[in-house]
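Subject: Structure handover

Hello,

Here is the structure we talked about. Please open it first, then read the notes below.

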Amino acid sequence: GGRLLRIEDLEVTVHKQQGPVSLVRETSFEVREGEIVCLVGESGSGKSVTARTIMGLTQLDDNMEVTGRILLGDEDLVALPADRVRRLRGRDLTMVFQEPLSSLDPVYTVDFQLREALRRRERLGRRAERDRLVSALREVGIHDGDRVLQSYPHQLSGGMCQRVMIAMALLGRPRLLIADEPTTALDVTVQAQILDLIDRLRREEGMAVLLVTHDMGVAADLADRVIVMYAGQVVEDAAPRDIFARPAHPYPAGLLASIPPMIRERPARLPAIPGPVPDPSALPSGCSFHPRCSFATEACLTTRPAAREIDGRQVACWNPLVEEGVA
Ligand code: SF4
Ligand code: MG
């Protein structure tokens, strides 16, 4: 598919009393039509902030500063007035959050909220609308759709609300779905069903998906590309077969080493990563990963590596584990 979303030099800074804190730095990547791109990393890596910024949500906070470009087609969402971005949300762009209750309105029934979502895309008769909602619920594994439609969010379990929210996001058939850990709270069977549904919509409707996850297994199964973030920066952006078989950056290499081998082909003798994720207000000098990196050299302590292309991927590291032109 063609290019749908392009992020260029994205920087997200929160202005606190103690001074500015950088949450996302020098971030560039793209998502093509019909492509599933997984954004992975530990919590605090900047992946959720990046997702929310693409949706125009970070910008609603006066303490947040966003620079760079977020191109959806030809429109730069960073430069667009807030009301134009709001209009794109829910139509071209929809997001599924980790916390379903934050996006379902407690004062309206599920029926009302799903109809609203559907009407952003098309107008149908009442009966046809009803049928569409019931089938949208069935797609996310809800088989008593009539009961659920009449319910208010607080009458449903958390897992049920999560599924309703996913149904709502997909009803509008967005061009780009941004999903932040959409299935983390759901049981394995429902999770698989929803991931299959997302996969089908990208194949059949060309929907592009930016999937935020800390689950490398999900990324391995679904992704066309995997983008690994660490301390607010993209450290590796590669095809899954490359990143899972031969990670180039020591951070994903360490992350992958902690995953059971049946999920992926594991490179031998890579250490698990000791030490905590750095605090964004006190980032280490040079490469932010250096205190946890067993490959660190002098340059790593002083100079931050920019992303560059190595072996068909983007890698931000002075000492990548994969060399240029070596297969
Ligand atoms: Fe490790 Fe240096 Fe690469 Fe950072 S730049 S990941 S410290 S080798
Ligand atoms: Mg998060």
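First, a term you will need. A crossing of two helices is right-handed if the near helix is turned clockwise from the far one by less than a right angle, and left-handed if the turn is anticlockwise. Keep that in mind for the helix pairs below.

Please note that this is a predicted model. The predictor gives the complex an ipTM of 0.96 and a pTM of 0.89. For the protein chain, the average pLDDT is 88, and 93% of the residues reach at least 70. One stretch falls below 50, namely residues 263-271. In the model this stretch still has 20 contacts beyond near neighbours in sequence. Where pLDDT is low, the predicted coordinates should not be read in detail.

Now the helices. Three of them pack against one another in pairs: α3 with α6, α4 with α6, and α3 with α4.

Start with α4 and α6. Helix α4 covers residues 126-139, and helix α6 covers residues 158-171. Their axes come within 9 Å and cross at roughly 120°. An angle between 115 and 145 degrees counts as oblique, so α4 is oblique to α6. The crossing of this pair is right-handed. On the α4 side, the contact uses A136, L137 and E139. On the α6 side, A167, L170 and L171 meet them. By class, that contact has five nonpolar residues, one charged and no polar.

Next, α3 and α6. Helix α3 spans residues 110-119. The axes of α3 and α6 are 8 Å apart, at an angle of about 25°. That makes α3 roughly parallel to α6. The crossing of α3 and α6 is also right-handed. From α3 come V110, Q113, L114, A117 and L118; from α6 come V164, A167, M168 and L171. Eight of the residues in this contact are nonpolar, one is polar and none is charged.

Last, α3 and α4. Their axes lie 10 Å apart, and the angle is about 105°. The two helices are therefore roughly perpendicular to each other. D111, L114, R115 and L118 of α3 touch E129, R132, L133 and A136 of α4. The class split here is four nonpolar, four charged and no polar.

Some residues serve two contacts. A136 of α4 appears with α6 and again with α3. L114 of α3 appears with α6 and with α4.

Finally, the ligand. How many residues surround ligand 1? There are 13, and the closest are C287, H290, C293, C300 and C317. Of this shell, 10 residues are nonpolar, three are polar and none is charged.

Best wishes

How values were computed. Residues are numbered from 1 along each chain as its sequence is written. Chains are lettered from A and ligands numbered from 1 in the order in which they are written. This is a predicted model: local features need pLDDT of at least 70, side-chain atom pairs count only at pLDDT 80 or more; totals for chains, interfaces and linings use all residues. A residue is near a molecule or strand if its C-beta atom, placed from the backbone, lies within 6 Å of it. Ala, Val, Leu, Ile, Met, Phe, Trp, Tyr, Cys and Pro count as nonpolar, Asp, Glu, Lys and Arg as charged, and the others, Gly among them, as polar. Axes are lines fitted to C-alpha atoms, for helices over the stretch in contact, and angles run from 0 to 180 degrees between N-to-C directions. Helices (H or I, at least four residues) and strands (E, at least two) are DSSP runs, numbered from the N terminus. Angles under 35 degrees count as roughly parallel, over 145 as roughly antiparallel, 65 to 115 as roughly perpendicular and the rest as oblique. Two residues are in contact if their C-beta atoms, placed from the backbone, lie within 7 Å. pLDDT is the predictor's confidence in each residue, from 0 to 100.
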